[in-house]
Amino acid sequence: MYCIVVTGIPAAGKSTMAEVMSERLKIPVISKDTIKELLFDNVGFESREEKVNLGIASMEIMYYIAGQLMKAGQAFILENNFEYSSEHGIKTLLKKYQYFVLTITLTGDYKVIYQRFLERDSSPDRHRGHVVNDCYPEKKESNPKKLKAPSISYENYVHGIQQRGFEDFLVDGKQIKVDTTDFSKVDMEELFLQIVEWRKEILHN
């Protein structure tokens with residue numbers, strides 16, 4: 001059986017891509033961020049340490065669910081900002097259950113996607129579990145129209161991508177890189193054709 005890993009640089013559109021693929025391929029998607037949001041809503045955090053631990057717990061739950069699906073021989077999608085430090089967890093599961101894996105890596109023009117990153121983090125629709133970074137509990141802004149300083153500089157955004165391996169992460173198997181600088185221009189039909197061909201290839205070997 002197989003799984004598809006959707007990963008890439010921050011704000012490249014991984015959640016959107018994973019949901020589109022899930023609907024088209026008729027297989028479930030497991031998202032670390034969704035798990036983290038549920039934990040935040042029900043457990044929350046009151047310190048930086050607790051926030052970090054909540055993120056670790058989200059990762060462990062994601063791998064637990066993946067393991068259960070593998071045990072049952074089900075195909076599925078894993079969506080997360082996978083990085084170099086994530087390799088051990090996913091490789092252990094793939095080896096244990098003898099799963100094939102396809103990595104879909106979203107990337108593009110860093111400067112354009114960085115602007116999306118800033119817009120996303122400043123959006124009132126962005127889940128608070130992702131944007132509360134330095135104040136616990138979160139302070140209420142007295143002037144909601146006041147411009148906030150960027151959550152991260154462009155230089156640090158790029159440095160994080162390079163140092164943590166968001167763009168280079170790859171476990172055993174095939175990788176397809178998708179340029180999402182302009183998500184509306186992504187040729188989804190071509191991407192699905194590649195996925196279908198890969199699936200035929202691994203399932204008939």
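**Exercise 1.** Determine whether Tyr2 is buried or exposed, and describe the ring pair that Tyr2 forms with Trp198.

*Solution.* Tyr2 has a relative accessible area of 4% and is therefore buried, where buried means under 20% relative accessible area, exposed over 50% and partly exposed in between, with a 1.4 Å probe and protein chains only. This is a predicted model, in which local features need pLDDT of at least 70 and side-chain atom pairs count only at pLDDT 80 or more, while totals for chains, interfaces and linings use all residues. Residues are numbered from 1 along each chain as its sequence is written, and side-chain values use heavy atoms, with hydrogens and water left out.

Next, the search of the whole structure finds seven aromatic pairs; rings of Phe, Tyr and Trp (its six-membered ring) pair if their centres lie within 6.5 Å, and planes under 30 degrees apart count as stacked, over 60 as edge-to-face and the rest as tilted. Tyr2 and Trp198 form an edge-to-face pair, at 5.5 Å centre to centre and with 90° between the planes. Because Tyr2 lies in strand S1 (residues 2–8) and Trp198 in helix H8 (residues 188–203), the pair ties together parts 196 residues apart in sequence; helices (H or I, at least four residues) and strands (E, at least two) are DSSP runs, numbered from the N terminus. Trp198 is also buried, at 5%.

**Exercise 2.** Classify the pair of Tyr114 and Tyr154.

*Solution.* The ring centres of Tyr114 and Tyr154 are 5.3 Å apart and the planes stand at 70°, so the pair is edge-to-face. This pair links helix H5 (residues 110–122), which holds Tyr114, with helix H7 (residues 154–164), which holds Tyr154. Tyr114 is buried at 7% relative accessibility, whereas Tyr154 is partly exposed at 24%.
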